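Trainee: I should like to request a close look at a single part of this model. Please take one region and describe it in a connected way.

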Amino acid sequence: MGETKNDSDRRIGRRALLVGGAAAAVGTAVLAREELSHLWWRVPGVEKPRTPGAVDFRGAQWTAASPANYRRADRPADYAIDRVVIHVTQGSFASAVKAFQNPGHQAAAHYIVRRDGHVTQMIRELDVAFHAGNREYNERSVGIEHEGFVDRASSFTDAMYASSARLTAGICGRYGIPVDRKHIIGHAEVPGTDHTDPGPHWDWGRYIRLVRQAAPAKSARS
């Protein structure tokens, strides 16, 4: 005796449910494997050695951010780094340092560049800083804060541009990041952000030229 339409629909429905359930299980397994690939470094003896006070940029001063404002990782082994994000503090250098040391702030960048060109590193480039307001961009980028205000052109000094450009050039060289506006971006360009920094007074043309002048040849391409 043949199947009725309702019987056929129910069987198709059951089959679809089973297939859908299997697909979901496979998808979950894939996601689990992907997540595990980002956690392997936590196995005892596997994590990269960390020297207290060590910096990634020669000449930077180490001042640790609160662990609440970043996530330990093993970049670029677990997350590839392909962006540098430029920020402006909207306040003084000292106030930014204090904020990044405050566990309640829930945000911090890897570096802060002061008006006089001094560089402070607060989070290792290994680790994921909570600076961009977008998890994917946090995982793939290094964040650099600059002392000042977006509406004050005087915030951005010659010393700041030169020092920050050397810092960004070093980051690009370490991770093979092209020196261009697709890979060196402002906080305002991060998807989903409501920030406007570095603002209209940040001279992108000048900055990219300075980074290219300081960058290794292989990363200084447009």
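Mentor: A polar contact is a pair of N or O atoms within 3.5 Å, where, within protein, one atom must be able to donate a hydrogen and the other to accept it. In this predicted model, that cut-off applies at the N-terminal end of helix H5, which Asp-203 caps: one of its side-chain oxygens lies 3.3 Å from the backbone nitrogen of Gly-205.

Helix H5 spans residues 204-214, and the loop between strand S8 (184-186) and this helix contains His-195. The relative accessibility of His-195 is 42%, so the residue counts as partly exposed. Leaving aside residues up to four places away in sequence, His-195 touches His-187 and Ala-188. His-87 is 108 residues away along the chain, yet a separation of 9.3 Å is found between its C-alpha atom and that of His-195.

His-195 also leads to the largest pocket, which holds about 360 Å³ of space. This pocket is lined by 22 residues, and those closest to its centre are Thr-89, Phe-100, His-105, Glu-145 and His-195. Classed by type, the lining comprises 10 nonpolar, 10 polar and two charged residues. Helix H2 (residues 93-101) contributes the most to this lining, namely four residues.

Helix H2 therefore merits attention in its own right, with Phe-93, Ala-96, Val-97, Ala-99 and Phe-100 as its buried residues. Viewed down the axis of H2, these residues fall within an arc of 165 degrees, so they line one face of the helix. The exposed residues Ala-94 and Lys-98 are carried on the face of H2 turned away from the buried side. Among the elements covering the buried residues of H2 are strand S4 (111-113), strand S5 (119-121) and strand S7 (141-146).

To return to helix H5, its buried residues include Trp-204, Tyr-207, Ile-208 and Val-211. Seen along the helix axis, the buried residues of H5 fall within an arc of 95 degrees, so they line one face of the helix. They pack against strand S3 (83-86), helix H4 (158-175) and S8. Strand S8 thus appears twice in this account: it packs against the buried residues of H5, and it stands at one end of the loop that holds His-195.

Methods: Residues are numbered from 1 along each chain as its sequence is written. This is a predicted model: local features need pLDDT of at least 70, side-chain atom pairs count only at pLDDT 80 or more; totals for chains, interfaces and linings use all residues. Side-chain values use heavy atoms; hydrogens and water are left out. Helices (H or I, at least four residues) and strands (E, at least two) are DSSP runs, numbered from the N terminus. Buried means under 20% relative accessible area, exposed over 50%, partly exposed in between (1.4 Å probe, protein chains only). Contact means heavy atoms within 4.5 Å. On a 1 Å grid over the protein atoms alone, a cavity is a set of points where a 1.4 Å probe fits but cannot get out, and a pocket is an open set with protein on both sides within 12 Å along at least five of seven lines; lining residues have an atom within 4 Å of a point. Grid points are joined across faces, edges and corners, and a volume is the space filled by probe spheres set on the points. Ala, Val, Leu, Ile, Met, Phe, Trp, Tyr, Cys and Pro count as nonpolar, Asp, Glu, Lys and Arg as charged, and the others, Gly among them, as polar. The arc is that of the directions from the helix axis to the C-beta atoms.
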